[in-house]
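Trainee: I would like a close look at a single part of this protein and at what surrounds it. Could you begin with one charged side chain, and then follow the connections outward?

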Amino acid sequence: MIPLGVNRNTYFAYKSYENTESKRKLKSENFEWDSNHPQSLVKLCIEKLSVNWTGTPKLEELIAKDREFFLQVLKTDIPLQILVDNVKSDSFWKKCYYSKWSEYAIDENYKPWINIFMERHYADILENMNPRQYDPEKIKNLVKLCGPYIQSLSIRSLIPTDIQEKRNVSPEMAELITGQRDNVNKITSHCSESPTRDHISLHAALGSLSNLTELYITFQLRFIGIEYRRDQFQFTNNDAKNLARGLQNCVQLKVLRITRSDMNCQRVKYVLRGLQDNKKIETLDFSHCKIGDDGTSSIAKFISKKDKLRNLILADNVFGPIGIESISHVLNHTSCGIRTLDLRLNNKLGSEGIAHIAVAIARGCNLTSLNISGCGIKSAPLQKPPAGVWSSMNAENPPTCGDLLARAIGLVKTPLRHLDISVNDIGSPSDNNISNAICLSYLIDINLKRSGMGSIAMAIAEAAAAAQRLRRESEKGIRFRRSASRLVQARRVVKGMNIDADPLLFAQQLSARPSIVSIASEEGYFSVQTQPLPADFGFVPTLKSPLPSSRNSSTTGPPTSRRSSHHVILEPVREILRATLVRRKSDGSLLQLRCDNTERHIKIYVSNDNSDTS
């Protein structure tokens with residue numbers, strides 16, 4: 001059977017030229033060498049059947065070879081009902097998809113192509129439907145056809161209702177025509193109001209999708225042209241009500257993302273009301289939706305009742321410290337299951353808003369990932385710290401937001417593993433406190449770009465997170481033994497993770513104690529041994545005292561709430577020879593030894609007081 005396509009490199013590799021093999025008559029690279037030969041009767045019959053095929057004969061009645069050829073020549077413009085009832089071939093539905101859309105399908109490795117085609121086909125119909133032409137019966141029939149195959153629905157645009165343009169009447173002309181000033185005031189007030197433009201009702205479009213698990217929707221127009229209006233981007237109360245009615249029947253829904261839509265407090269309540277009976281919701285994304293403090297309070301009440309909700313994304317909204325305070329209180333409830341909290345680009349939060357999140361972490365919430373990038377954190381002391389939480393705080397020496405984050409991360413056994421505090425202004429000396437707290441934490445992924453931290457503090461924190469990440473990888477399967485092999489494996493891990501570090505130091509950290517962190521900063525290379533936070537480090541929460549250390553050691557200083565036995569006091573400045581690894585050739589002879597190299601290891605104290613770096 002002639003293939004549909006040949007790789008370009010393969011074609012040029014086997015292509016023959018006139019100056020070579022000029023006497024060769026049979027050229028296999030010429031796919032039209034037998035074009036003058038008549039086709040077989042079987043192929044002619046199959047091609048004729050594919051022209052006006054209405055579902056008969058059934059594909060099961062054809063043998064496998066003929067069925068494959070039939071699907072290759074079958075056109076994709078056949079009515080969808082016939083194709084759904086008779087064709088289940090994955091390759092044919094892939095051909096249908098790329099014949100209609102040129103975009104690459106993201107879920108092609110996870111879903112059958114018939115599901116991918118139906119999801120895109122149904123979304124396109126909803127995106128291009130004018131509300132004045134909306135017919136609930138046609139939508140129900142379409143749902144019966146496409147609904148069983150729709151698991152994820154992405155609606156990127158919706159057309160608002162058309163508004164008939166009225167003739168603009170100036171107040172002077174209206175006064176001349178009517179002679180009544182009252183009518184002039186009515187016309188003026190009517191023209192000043194912006195008309196509401198509802199979109200199509202999603203009640204019938206979503207109500208019968210029994211297999212829907214993911215819904216992405218945006219109430220805006222993607223293609224506007226020259227007829228731009230501000231009311232084309234409205235998300236009305238009627239839209240929210242119809243969406244809520246449709247969500248009530250989506251009992252299998254796990255992911256809901258409503259982005260770039262104008263959602264006020266009332267619309268948020270409508271949408272969340274539609275999810276009250278949903279027991280499987282796991283992700284809630286209201287990014288770029290202009291949600292204020294009242295809407296955030298409604299979200300806090302909702303997540304307190306959903307123990308399976310794991311991800312809450314509220315990026316780029318307009319709520320402030322009052323709104324985030326309600327969410328921070330809910331994070332400590334036993335019924336709250338939030339693990340990922342994304343608050344990036346909420347610059348109205350400021351230091352006072354992030355301080356409430358630090359309090360929630362200090363009280364032992366279950367967050368494993370926190371993104372507070374671009375939230376307006378300042379280096380100045382808090383003007384209004386959280387009341388009744390930090391016992392040692394007084395009015396003369398209020399803490400900064402960076403200090404509260406450092407104390408929450410470093411003094412409490414938090415499950416936090418991912419932290420993003422980029423694009424803020426942490427300042428000094430809060431950056432040293434945060435870097436020291438990260439050394440004592442279990443963080444494995446941090447983002448400190450443009451965070452306002454010093455170069456040394458950033459290098460220490462990033463190296464500590466990388467070391468913790470290596471330790472976690474070693475617990476998964478890499479076993480370092482107390483021999484030369486551990487250095488070989490450490491070298492492989494460092495090379496695989498693309499980390500600029502000394503494998504010897506990493507091998508020592510992953511296998512033995514004390515833990516040593518090798519860092520590289522703008523001011524040079526350092527080898528740091530982390531030490532525990534002192535007992536008088538910052539403000540201890542009154543509602544939850546630090547947990548006692550599980551192991552007491554004379555070398556670790558006072559006990560802390562973190563792995564104090566894993567950290568030792570910094571050693572004095574001294575010269576340390578780099579260890580060399582003896583290697584042999586394949587014949588058993590020794591390789592040439594490396595020249596001895598020395599590296600200066602210095603001591604870096606990171607503490608609350610202003611101690612000098614030696």
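Mentor: Leaving aside its neighbours within four places in sequence, Arg120 is in contact (heavy atoms within 4.5 Å) with Tyr97, Trp101, Glu103 and Arg156. Please keep in mind that this is a predicted model, in which local features need pLDDT of at least 70 and side-chain atom pairs count only at pLDDT 80 or more, whereas totals for chains, interfaces and linings use all residues. Residues are numbered from 1 along each chain as its sequence is written, and side-chain values use heavy atoms, with hydrogens and water left out.

Arg120 has its place in helix H6, where helices (H or I, at least four residues) and strands (E, at least two) are DSSP runs numbered from the N terminus. Arg120 counts as buried because its relative accessibility is 16%; the word buried means under 20% relative accessible area, exposed means over 50%, and partly exposed lies in between, with a 1.4 Å probe and protein chains only. Side chains of opposite charge can pair when their charged atoms come close. Arg120 has such a partner in Asp124, for the two form a salt bridge (a side-chain nitrogen of Lys or Arg within 4 Å of a carboxyl oxygen of Asp or Glu) whose closest N and O atoms are 3.6 Å apart. Both residues belong to helix H6, which covers residues 113–127, and they stand four residues apart, about one turn of the helix. Asp124 also counts as buried, because its relative accessibility is 14%.

A second salt bridge joins Glu127 to Arg156, the residue already named among the contacts of Arg120, and here the closest N and O atoms are 3.7 Å apart. Glu127 lies in helix H6 while Arg156 lies in the loop between strand E1 (152–155) and helix H8 (171–178), so the pair ties together parts that are 29 residues apart in sequence. The two partners differ in their surroundings: Glu127 is buried, with a relative accessible area of 8%, whereas Arg156 counts as partly exposed at 29% relative accessibility.

Elsewhere in the chain, Arg257 and Asp285 form a salt bridge with their closest N and O atoms 3.0 Å apart. This pair links distant parts of the chain, as Arg257 is in strand E3 (residues 255–258) and Asp285 is in strand E4 (residues 283–285), 28 residues apart. Arg257 is partly exposed, with a relative accessible area of 24%, but Asp285 is buried, with a relative accessible area of 7%. Returning to where we began, salt bridges that share partners join Glu103, Arg120 and Asp124 into one network. In the whole structure, a search finds eight salt bridges.

The next step is from charged side chains to nonpolar ones. In soluble globular proteins, nonpolar side chains tend to be buried together. The largest nonpolar core (a set of buried Ala, Val, Leu, Ile, Met, Phe, Trp, Tyr and Cys residues joined through side-chain atoms within 4.5 Å) has 124 residues here, and those with the most contacts inside it are Trp93, Tyr122, Leu153, Leu256, Phe286 and Leu331. The largest share of this core, eight residues, comes from H6, the helix that also holds Arg120.

One of the core residues just named is Phe286. Leaving aside its neighbours within four places in sequence, Phe286 is in contact with residues that include Ile258, Met263, Val271, Leu272, Ile291 and Ile299. Two of these contacts, Val271 and Leu272, lead us to helix H12 (residues 265–273), where they are buried along with Arg267, Val268 and Tyr270. The buried residues of H12 pack against helix H11 (237–247), strands E3 and E4, and helix H13 (293–303). In this way we come back to E3 and E4, the strands that hold Arg257 and Asp285.

To place this part in the whole, the secondary structure of the chain comes to 20 helices and 13 strands, and 46% of its 614 residues count as buried. Among contacts between residues at least 6 apart in sequence, 73% join residues at least 24 apart.
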